[in-house]
Amino acid sequence: LPNWKDWNGRFGFAYDLSGDGRTALKFSAGRYVANEALGITSQFSPFGFKIDYRPWSDLNYDGTALNADGTPQYNEIGASYNPKFGQPTTANRLDPDTPRKSNMEYSGGIEHQLGNSWSISAKYHRRDFSNFRWNDNTALSAANWQPVTFTSPTDSRLTNSGETLTVYDLVDGYTVTTGDILTRHAPDDRRTWNGIELIADGRLWRDGFAQISWTAGETSNDFCTGGRLENPNSLRFCENSTGVRHSFKFSGGIPLPFDSMFSGLFQIFAGNSILGSYQVDATDTGRALNLAGLQDPGINIALIEPGALYEPATAALSLRFSKVVTTGNVRTRVYMDATNLLNTLQVTARNRFFGGGLTGQNDEFFRPINLNRGRTLSWGIQTSF
């Protein structure tokens, strides 16, 4: 489970545009599938709770819970600590028609040789991710929900501050009667990345090398299947875009006398997305919410649209100095690495939970909870023989 059979082809060609081998048009296309192993099968395993804990009291002081013939002394064994022993651990099922997640990749561009040492290229890339899955609670449908409104909190850090929003609660009197989850194909869900890339690379003096690249790309997401068919709360921002994100890299290395080399990488990369979530409750909607039967009895909504706010871009510099020592058939490389030499500070994650109507605003909202590593110096030895 499951039993997939996929055909995945790759195709590519190159054309000598100028006829002298210095300018080439290139194109490639290929299909790839997601790596799947036991992670997917464990979601649908029918095996029940396999361990049962019970207290034991050695009433006859014989040092064992068994009789001489190997049968249990039931009067010494107490009640189970695991009342679900032997029962299924999950009610999840996989629709046998659900395909494997896949990705189509397309690339095309032009490459041109400059003299005998350098070349430049311009490329376009597209990646289409599809065959996503969604969890269908068979006890729910769109007809089981009713709209309610509330006003989002007012805060200058939010993109939708003070906005009147519509969320959805289960209709009055309706109770979820089963946790039967059918994992199904979401044919309309997809993620697409489109990007362009400019690259210049070549040789330096003393057989050194260098490469300069600039990449600009945008990711578009459409994950509206589950909300449209079952829980409309998940429709909020289900279709979003990151906007065009940029990155720049310059890398190279120069061999030095005495079998040594100096190399480095300088890069400017875009900051991570900033998000915010809110827990809607009865104090927001003015009515008791009918969500007790759900696995997650609450309404969690995004207050910041994905792709609307980002951390600032950051520059980072890493350098390496290495030297090779050869003794007979033994080759030893001694090196020193300096990572984030500029010691630039980058917030990689913030507390995204704004709070909720009953608990109020979370004082920890927006607080940085993860930073990039600071300046690091490290030494190492690598030996081959």
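Let me start with one pair of residues: Ile254 stands opposite Phe262 in strand E14. Everything I describe comes from a predicted model.

That pair belongs to two antiparallel strands, E13, residues 245-256, and E14, residues 260-269, joined by 10 bridges. The hairpin they make has 3 residues between the strands, and in it Phe258 takes a positive phi near 65 degrees. On from there, E14 pairs with strand E17, residues 314-327, again in the antiparallel sense and over 10 bridges. If you want a register point for that pairing, Ser263 has Arg320 in E17 as its bridge partner.

Now the other neighbour of E13. Strand E11 pairs with E13 in the antiparallel sense, over 9 bridges. Here Ala216 is the residue that stands opposite His246 in E13. E11 is also joined to E12 by 3 bridges, and those two run antiparallel. In that pairing, Asn221 stands opposite Asn240 in E12.

E11 has a further partner in E10: 14 bridges, antiparallel sense. Thr192 and Ser220 of E11 are bridge partners there. So much for the register; next, the turn.

What does the backbone do at Arg206, in the hairpin of E10 and E11? With 5 residues between the strands of this hairpin, Arg206 takes a positive phi near 60 degrees. Arg206 is not a glycine, which is the reason I mention the value. The loop in question runs between strand E10, 190-203, and strand E11, 209-222. As for the side of the solvent, Arg206 has 48% relative accessibility and counts as partly exposed.

There is another non-glycine residue with this kind of backbone angle, Phe237, at a positive phi of about 60 degrees. Phe237 lies in the loop between helix H2, 225-229, and strand E12, 239-241. Is Phe237 buried or exposed? At 18% relative accessibility, Phe237 counts as buried. The cut-off for buried is under 20%.

Moving to Arg127. This residue is in strand E5, residues 118-130. At 35% relative accessibility, Arg127 counts as partly exposed. Which residues does Arg127 touch, once its neighbours within four places in sequence are left aside? The contacts are Asn103, Met104 and Glu105, together with Arg191, Thr192 and Trp193. Thr192 came up a moment ago, as the bridge partner of Ser220 in E11. For a distance to the start of the chain, Arg127 and Trp4 are 123 residues apart in sequence and 22 Å apart in space, C-alpha to C-alpha.

Asn75 is a residue in a loop, the one between helix H1, 38-41, and strand E3, 92-94. Its relative accessible area is 60%, and Asn75 is exposed. Asn75 and Thr314 are 239 residues apart along the chain, and 69 Å separates their C-alpha atoms.

Next, a sheet with mixed pairing. 4 strands form an open sheet, in the order E16-E15-E20-E21. Strand E16, 299-302, and strand E21, 360-361, stand at the edges with a single partner strand each, so one side of each is left without a neighbour in the sheet. Within this sheet, strand E15, residues 277-280, pairs with E16 in the antiparallel sense over 4 bridges. Ser277 has Ala302 in E16 as its bridge partner.

Finally, the chain as a whole. How many helices and strands are there? The chain has 3 helices and 23 strands. Its radius of gyration is 30 Å, well over the 21 Å that the globule rule gives for 385 residues, so the chain is more spread out than a compact globule. Along the principal axes, the C-alpha atoms fill a box of roughly 85 × 70 × 50 Å.

Of the 385 residues, 29% count as buried. The chain exposes about 23300 Å², and carbon and sulfur atoms supply 56% of that area. Taking the contacts between residues at least 6 apart in sequence, 69% join residues at least 24 apart. On charge, there are 35 positive and 38 negative ones, and their mean positions are 10 Å apart.

That is what I have on this model.

Notes
Residues are numbered from 1 along each chain as its sequence is written. This is a predicted model: local features need pLDDT of at least 70, side-chain atom pairs count only at pLDDT 80 or more; totals for chains, interfaces and linings use all residues. Side-chain values use heavy atoms; hydrogens and water are left out. The radius of gyration is taken over C-alpha atoms; the globule rule is 2.2 Å times the number of residues to the power 0.38. Buried means under 20% relative accessible area, exposed over 50%, partly exposed in between (1.4 Å probe, protein chains only). Contact means heavy atoms within 4.5 Å. Accessible areas come from the Shrake-Rupley method with a 1.4 Å probe; for residues, only the protein chains shown count as cover. Lys and Arg count as positive and Asp and Glu as negative; His and the chain ends are not counted. The place of a charge is taken as NZ of Lys, CZ of Arg, CG of Asp or CD of Glu. Two strands pair if DSSP finds at least two bridges between them.
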